[in-house]
Amino acid sequence: MMRIKALPDVPRWAVLAAHAVPLVTLPSGLWRLALVAGLPVTQDAGLGAMSVGLSAYVVSLSVVSELLAFLTLGLVREWGEVFPRWMPFLGGRRVNPAAATGAALAGAAGLCAIAGWGVYASYADLGPGVPATAAQDALLIACYAPLLAWPVLLTAVAVAYRRRRRDGGRGPAGGGPRQYGAGRPAASSWV
């Protein structure tokens with residue numbers, strides 16, 4: 001069985017949820033990349049090729065979305081407890097649990113707002129729309145529907161992170177301080 005990296009006191013469900021986040025963002029990113037590549041995901045042939053600026057924006061959106069999704073892994077791995085040494089000014093310092101949880105929950109709220117706006121804009125017929133066949137519409141929905149799980153998974157993992165870190169650095173049984181926050185983190189834990 002494949003071993004998924006995480007801290008020893010993280011619940012298994014939280015580890016699986018954190019690792020699912022980058023996977024639920026992947027289909028929409030691939031759809032956007034297919035759009036930039038000129039694959040027939042829409043019927044925009046009459047509009048011509050995308051401009052270089054618009055193409056760069058769409059590719060950047062896919063890359064940034066995936067990078068933000070990968071940050072969820074920090075809530076279940078060592079680099080969510082101690083900043084990696086290679087980071088300027090922060091390397092080796094402990095991560096503030098309230099700041100990490102607040103950032104994660106703010107991100108989840110932002111994702112909910114974006115999803116809400118997208119649904120509203122679609123039903124209110126705002127914007128130019130995406131001309132497509134029924135098959136292209138089905139592909140679009142199949143690629144973007146998994147994004148609805150992103151804020152739910154992120155919220156669940158953030159709450160689990162906060163509960164785990166709330167005990168002031170003590171293990172699950174209330175014993176002494178955890179060892180993985182002390183000293184230099186192992187390089188293998190940053191991956």
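## A tour of five helices

From the N terminus on, the elements run α-α-α-α-α. Show the whole protein as a cartoon first: this is a predicted model, with five helices and zero strands. Colour by burial next, and 34% of the 191 residues come up as buried. With the surface switched on, the accessible area is about 11400 Å², and carbon and sulfur atoms account for 71% of it. If you draw a contact map, take the pairs at least 6 apart in sequence: 72% of those contacts join residues at least 24 apart.

**Stop 1: the core.** Select Val10, Leu75, Val76, Trp150, Leu154 and Val157. In the largest nonpolar core, which has 25 residues, these touch the most other members. Now add helix 1 (12–37), helix 3 (97–123) and helix 5 (149–165), each of which supplies at least two residues of the core. Helix 5 gives the largest share, seven residues.

**Stop 2: Leu75.** Centre on Leu75 and hide its neighbours within four places in sequence. What remains in contact with Leu75 is Ala104, Leu154, Val157, Ala158, Tyr161 and Arg164.

**Stop 3: helix 1 against helix 4.** Select helix 1 and helix 4 (residues 134–144), whose axes come within 7 Å and cross at roughly 140°. An angle over 145 degrees would count as roughly antiparallel; at this crossing, helix 1 is therefore oblique to helix 4. Show side chains for Pro27, Ser28, Trp31 and Arg32 on helix 1, and for Leu139, Leu140, Cys143 and Tyr144 on helix 4; these residues make the contact. Coloured by type, the residues of this contact divide into six nonpolar, one polar and one charged.

Definitions and conventions. Residues are numbered from 1 along each chain as its sequence is written. This is a predicted model: local features need pLDDT of at least 70, side-chain atom pairs count only at pLDDT 80 or more; totals for chains, interfaces and linings use all residues. Side-chain values use heavy atoms; hydrogens and water are left out. A nonpolar core is a set of buried Ala, Val, Leu, Ile, Met, Phe, Trp, Tyr and Cys residues joined through side-chain atoms within 4.5 Å. Buried means under 20% relative accessible area, exposed over 50%, partly exposed in between (1.4 Å probe, protein chains only). Helices (H or I, at least four residues) and strands (E, at least two) are DSSP runs, numbered from the N terminus. Contact means heavy atoms within 4.5 Å. Axes are lines fitted to C-alpha atoms, for helices over the stretch in contact, and angles run from 0 to 180 degrees between N-to-C directions. Angles under 35 degrees count as roughly parallel, over 145 as roughly antiparallel, 65 to 115 as roughly perpendicular and the rest as oblique. Ala, Val, Leu, Ile, Met, Phe, Trp, Tyr, Cys and Pro count as nonpolar, Asp, Glu, Lys and Arg as charged, and the others, Gly among them, as polar. Accessible areas come from the Shrake-Rupley method with a 1.4 Å probe; for residues, only the protein chains shown count as cover.
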